[in-house]
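Please open the structure in your viewer and keep the selection tool at hand. The tour below proceeds stop by stop, stating what to select and what is found there.

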Amino acid sequence: MKFKVFFVRYVQSMPDLFGNVVPVDGTDALKPVIINDFLKRKELSFVNPRNGKTYHRHYAIMPQGGVAVIDVGEYVDGNFMYATVGINLSRNQYQPYIVIGCHHKEFSDINLIANMVTQSLNWVLTGTNTTVKLEACHKPIAWEKDILHSYMKGMDNRMFNPMNVFGYEMLDEKFMSMGKRKTRPRNSHEILDFLIAGSEDVLLAWLHSMVDDKNHPKDMMRPVRALIELKRTYKISYDAFIKEFNKAGMISRTTYNDYVNLAKEPYFDDEKYAKVMQYVEEYFSFCIKE
């Protein structure tokens, strides 16, 4: 197996007044690209510029810590012939870089794969005035250690990791058991009656991690509102919320109902709420069946 490291360089797609290309820091531009691709909101497309062939892509691990590992290739006689594209945007030890590793001789033109990666990223970045190019690294760097360290360090920055609840080894079992309740609960005092069947452990653990240490209504209600707004749960009743999280005296029934009323916008232009919404989408989209 052979590897090649490329540094990611960012430039403005529009020149300055003197006609010069302006270098920029595009790390923040690429991170949402990876998130959107992982969640299948706007997917990367890897196309061979020589013949127009489109290749499949699969994530080898869940992205975190600025690290994403993507397998790109094609199926030949039922076997996946692929190359691995490791992306590290963490800046933990080096400037952003991409490592391409070839596993199969049938798909081992590293420079061709690098061109496809560049083309795909720039297609997604269309309209941002930022483009990327890959420059080959000509000196050895400890990328294996750096990627592992960056990925593990990313665990410290997660507000909640659903893999800690059941792990990848139980995903098949989870998918088989998940489903939605046929009837909507009304005035139950049990929070489990409002959570999607088969996903209660994930949702409840995440809610406790987000609500337990909060004492102000606006803070404690952000995750509840986000789950309801993104249809990850039914509208949890006031009594069920108070019973589960022991918040008696901290939030009134009227205030609570205002926060869960989708006709109102209590978190309009709230940056903290936007981040909570992002966490919900990122961590639950892949493990809770729609």
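Select Asn246, which lies in the loop between α8 (238–245) and α9 (253–260). The model in view is a predicted one. Is Asn246 buried or exposed? Its relative accessibility is 62%, and a residue counts as exposed over 50%, so Asn246 is exposed. Now add Asp212 to the selection. Asp212 and Asn246 are 34 residues apart along the chain, and their C-alpha atoms are separated by 8.5 Å.

**The whole protein**

Next, display the whole protein as a cartoon. It contains 10 helices and 7 strands. Of its 290 residues, 46% are buried. Consider also the contacts in the protein with a separation of 6 or more: residues 24 or more positions apart account for 63% of them.

**Helix α7**

Select residues 217–229, which form helix α7. How far apart are its end C-alpha atoms? They are 17 Å apart, whereas 13 residues at 1.5 Å a residue should span 18 Å, so the two values agree. Turn the helix until Pro223 is in view: α7 bends there by about 30°. Colour the buried residues of α7 next; among them are Met220, Met221, Arg222, Pro223 and Val224. The buried residues of this helix also include Arg225, Ala226, Leu227 and Ile228. An α-helix has 3.6 residues a turn, so residues three or four places apart point the same way. Finally, select Lys231, which follows α7 and has a positive phi, near 60°.

**The sheet**

Hide the helices and keep the strands. In what order do the strands of the open sheet lie? The order is β2-β3-β4-β5-β6-β1-β7, and the pairing is antiparallel. The edge strands are β2 and β7, each of which pairs on one side only. Strands of a sheet pair through backbone hydrogen bonds, either parallel or antiparallel.

Begin with strand β1, residues 2–12. Its antiparallel partner β6, residues 97–102, is joined to β1 by 6 bridges. To see one position in this pairing, select Lys4 and Ile100, since these residues stand opposite each other. Strand β1 also pairs with β7, residues 130–136, in the antiparallel sense over 7 bridges. In this pairing, Tyr10 stands opposite Val132 of β7.

Move to the β2 end of the sheet and select residues 46–47, which form β2, together with residues 54–59, which form β3. These two strands pair in the antiparallel sense over 2 bridges, and Phe46 stands opposite Tyr55 in β3. The two strands form a hairpin with 6 residues between them. Which residue in the turn has a positive phi? It is Gly52, with a value of about 80°.

Keep β3 selected and show its side chains. One face of the strand is covered and consists of Tyr55, Arg57 and Tyr59. The uncovered face consists of Thr54, His56 and His58. Then add residues 67–76, strand β4, which runs antiparallel to β3 and is joined to β3 by 4 bridges. Here Tyr59 has Ile70 as its bridge partner.

**Asp37 in helix α1**

Select Asp37, in helix α1, residues 27–38. Why does Asp37 count as buried? Its relative accessibility is 0%, and buried means under 20%. Show the neighbouring side chains from β3. The side chain of Asp37 makes a polar contact with the side chain of Arg57 at 3.0 Å and another with the side chain of Tyr59 at 2.6 Å. Both Arg57 and Tyr59 belong to the covered face of β3. Leaving aside residues up to four places away in sequence, Asp37 touches Lys42, Glu43, Leu44, Arg57, Tyr59 and Ile70. Ile70 was met above as the bridge partner of Tyr59 in β4.

**Two cysteines**

For the last stop, select Cys102 and Cys137. Cys102 counts as buried at 4% relative accessibility, and Cys137 is buried with a relative accessible area of 15%. How many disulfides does the structure hold? The number is 0.

Note on methods:
Residues are numbered from 1 along each chain as its sequence is written. This is a predicted model: local features need pLDDT of at least 70, side-chain atom pairs count only at pLDDT 80 or more; totals for chains, interfaces and linings use all residues. Side-chain values use heavy atoms; hydrogens and water are left out. A disulfide is a pair of cysteine sulfur atoms within 2.5 Å. Buried means under 20% relative accessible area, exposed over 50%, partly exposed in between (1.4 Å probe, protein chains only). Two strands pair if DSSP finds at least two bridges between them. A polar contact is a pair of N or O atoms within 3.5 Å; within protein, one must be able to donate a hydrogen and the other to accept it, and residues adjacent in sequence count only if both atoms are side-chain atoms. Contact means heavy atoms within 4.5 Å. The expected span of a helix is 1.5 Å times one less than its number of residues. The bend at a residue is the angle between axes fitted to the seven residues ending there and the seven starting there.
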